[in-house]
Amino acid sequence: MRRSKLLSVPFWAAIVFLYLPIAVLVVMSFNSGDSAYTFEGFSLKWYGELAGDERVISGLVNTLIVAVSSTLIATVLGTLLAVGLARYTRSKLLDAVALMPAILPDLVLAIGLLLLFVTLNQTLGLHSVILAHAVFSMAFVAAVVRTRLSGADVSLEEASRDLGAGPVTTFMKVTLPQLAPGIVAGAMLAFTLSLDEFVIAFFTIGNADPTLPIVIYSMIRFGVTPEINALASILLLVSFTAVIAGQRLTKIGETRAQD
């Protein structure tokens, strides 16, 4: 018993190390004073300041456009990629290539995508950020769906084909419902990754209106303020909500599949 308690010390130390700064950030976002480091009293005024900041609102709109669009693209392509690798093409090399965008450092991937757009004489803007984020997120979606595929019942697909259903019908009516929880989880992961991604967006956006992470970067160059703490708290809430929603939807889908 004593040994188990000693083993729990590093765990709780890591939890405190990871989440205490986040908790302090959230608390300081309700600071009534102008300091980001000294709490002078409870106030919601910095959240009101955010509502009237045109840069923040514009960045938020751009971020949502990029996150939603790239998530849709990454979810469709990532799901098809996972099914293709698991069912039709068994190759460790292709598996490694498919997951490479998730393994590569963001800086390397950002520079590579920038060089690709320049080589193809493509103008930079929100569309290039959407494509870049889709490439980045697609690998994560494929990995999540691939994991779900490993637990899928292959005999149901074989029975569907034996009864005369074509590949498309089998995929839409048999394979896809089994993969639904994994697809939802992958989509939520792609959305949260795109929501706060900075490096790839910074390199591929060009002169277009910036996304919210780039706006935050431009703001903190002049120092951290309670307004930035409030903005970070909102992003934190959105990310947590997306993750929790993904987990709940995945659990519901798994329960229905078992029934």
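What follows is a short exchange about a helix pair and a pocket in a predicted model. Residues are numbered from 1 along each chain as its sequence is written, and side-chain values use heavy atoms, without hydrogens and water. Local features need pLDDT of at least 70 and side-chain atom pairs pLDDT 80 or more, whereas totals for chains, interfaces and linings use all residues.

Me: Why is α5 oblique to α6?
Reply: Helix α5 (residues 106-119) and helix α6 (residues 126-150), being DSSP runs of H or I with at least four residues numbered from the N terminus, pack with their axes 11 Å apart at an angle of about 135°. Angles under 35 degrees count as roughly parallel, over 145 as roughly antiparallel, 65 to 115 as roughly perpendicular and the rest as oblique. The angle of about 135° therefore makes α5 oblique to α6.

Me: Which residues of α6 make the contact with α5?
Reply: Contact means heavy atoms within 4.5 Å. On the α5 side it is made by D106, L109, L113 and F117, and on the α6 side by S128, L131, A132 and F136.

Me: Which helix gives the most to the lining of the largest pocket?
Reply: A pocket is an open set of points on a 1 Å grid over the protein atoms alone, where a 1.4 Å probe fits, with protein on both sides within 12 Å along at least five of seven lines, and lining residues have an atom within 4 Å of a point. At least two lining residues come from each of α1 (2-28), α10 (212-220) and α11 (226-258). The most, 4 residues, is given by α11.

Notes: Axes fitted to C-alpha atoms, helices over the stretch in contact; angles between N-to-C directions.
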